[in-house]
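Let's take a look at a protein with a ligand in it. Here is the model to keep in view as you read.

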Amino acid sequence: AAVEYGLEAPFDVEFHDSIPSTNARARDLAGEGAADVAVLADEQTGGRGRLDREWSSPSGGIWLSLLVRPDVPATHAPTFTLAAAVAVTRAAREAGVDAGIKWPNDVVVSGANDGPSERSSDDVVVPGEGREGGAVERKLAGILTEMEGEADRVSWVVVGMGINANVDPEELPSEARPATLSGEVGAVDRRLFTQRVVEEFDELRSEPESVVPAWREYATTLGRRVRVDTSAGEVVGEAVDIEFPGALVVDTGDERVTVTAGDCEHLR
Ligand code: BTN
């Protein structure tokens, strides 16, 4: 299959014109004992997002699931989600898109938070004013990681990436505030883009300690005032850091709360 799709990846590639969900297919392959497989589809008819939401996956996107069998405890699984977000962000930036990462796993296009090192000396950042552009962040890609195994060692991890590549935005739900690669920089070569994502992911998984620093570099969430909905309730404050394996540290004013999972909204 790898030869057919023309992807030179450190993964065996399985390409489908149309499939319910590449994550579901990768889970099935995991059940059959497979490892290091990339499942790709032009279109998904039953794509799933986080929190069991529907994920619109029309033809023209990059709907990709990587099946890996890392030798790590289950608590390390979030690292794979961050690695995927970093990989997609790097590929998007190479393609000329000003992409960043909204905690934990959304690749967004905003123009916000280029970071001091990338600002020209003319840029004026007013402390406490937040960063401009937060309200217009649009989502280019989302990641859904699923896994199985024992607490002390996972059996497999499926990292699903939904990248709005050459998709007509009209076919995506507007409430998701979608961004597309074709809309940002014109139609991309999906094969090459996928190749770059997979290569970056492969490199990051071999250097897990490099994932969080890379994530920090692209984060649009750090320094922002956020509201995070967690299973334990709502946390509001300033996002001050990210910690291994992927938790967000929020300064509420009274205390620093470490949030491992939840829905995050940028308030400014
Ligand atoms: C999110 O909610 O942000 C995560 C979306 C993940 C979508 C991708 S598309 C490829 C893979 N197959 C699925 O059914 N979902 C993931």
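## Some ground rules

Residues come in three classes here: Ala, Val, Leu, Ile, Met, Phe, Trp, Tyr, Cys and Pro count as nonpolar, Asp, Glu, Lys and Arg as charged, and the others, Gly among them, as polar. This is a predicted model, where local features need pLDDT of at least 70 and side-chain atom pairs count only at pLDDT 80 or more, while totals for chains, interfaces and linings use all residues. Residues are numbered from 1 along each chain as its sequence is written, and side-chain values use heavy atoms, with hydrogens and water left out.

## Around the ligand

Who keeps the ligand company? The ligand is surrounded by 19 residues (each with a heavy atom within 4 Å of it). The closest are Ser21, Gln44, Arg48, Arg50 and Lys139. By class, this shell has 5 nonpolar, 10 polar and 4 charged residues.

Now for some polar contacts (pairs of N or O atoms within 3.5 Å). A polar side-chain atom of Lys139 sits 2.6 Å from a ligand oxygen, and the side chain of Ser21 has an N or O atom 2.7 Å from an oxygen of the ligand. For Gln44, a side-chain N or O atom is 2.9 Å from a ligand nitrogen. On its own, the ligand has 420 Å² of accessible area (Shrake-Rupley method, 1.4 Å probe), and the protein covers 97% of that.

## The largest pocket

The ligand takes up the space of the largest pocket. A pocket is an open set of points on a 1 Å grid over the protein atoms alone, with protein on both sides within 12 Å along at least five of seven lines; lining residues have an atom within 4 Å of a point. The volume of this one, meaning the space filled by probe spheres set on the points, is about 1,000 Å³.

Its lining counts 46 residues, with Arg53, Trp55, Asp106, Lys139 and Ala176 nearest the centre. They split into 15 nonpolar, 14 polar and 17 charged. Strand E6 (138-150) supplies the largest share of the lining, 5 residues; strands are DSSP runs of at least two residues, numbered from the N terminus. E6 also gives the most to the shell around the ligand, with 4 residues.

## Backbone oddities

Most residues other than glycine have a negative phi, and most peptide bonds are trans. Asp52 has a positive phi, near 60 degrees. Cis peptide bonds, with omega about 0 degrees, join Trp103 to Pro104 and Phe244 to Pro245.

Technical notes
A polar contact is a pair of N or O atoms within 3.5 Å; within protein, one must be able to donate a hydrogen and the other to accept it, and residues adjacent in sequence count only if both atoms are side-chain atoms. On a 1 Å grid over the protein atoms alone, a cavity is a set of points where a 1.4 Å probe fits but cannot get out, and a pocket is an open set with protein on both sides within 12 Å along at least five of seven lines; lining residues have an atom within 4 Å of a point. A molecule sits in a cavity or pocket if more than half of its atoms lie within 2 Å of its grid points.
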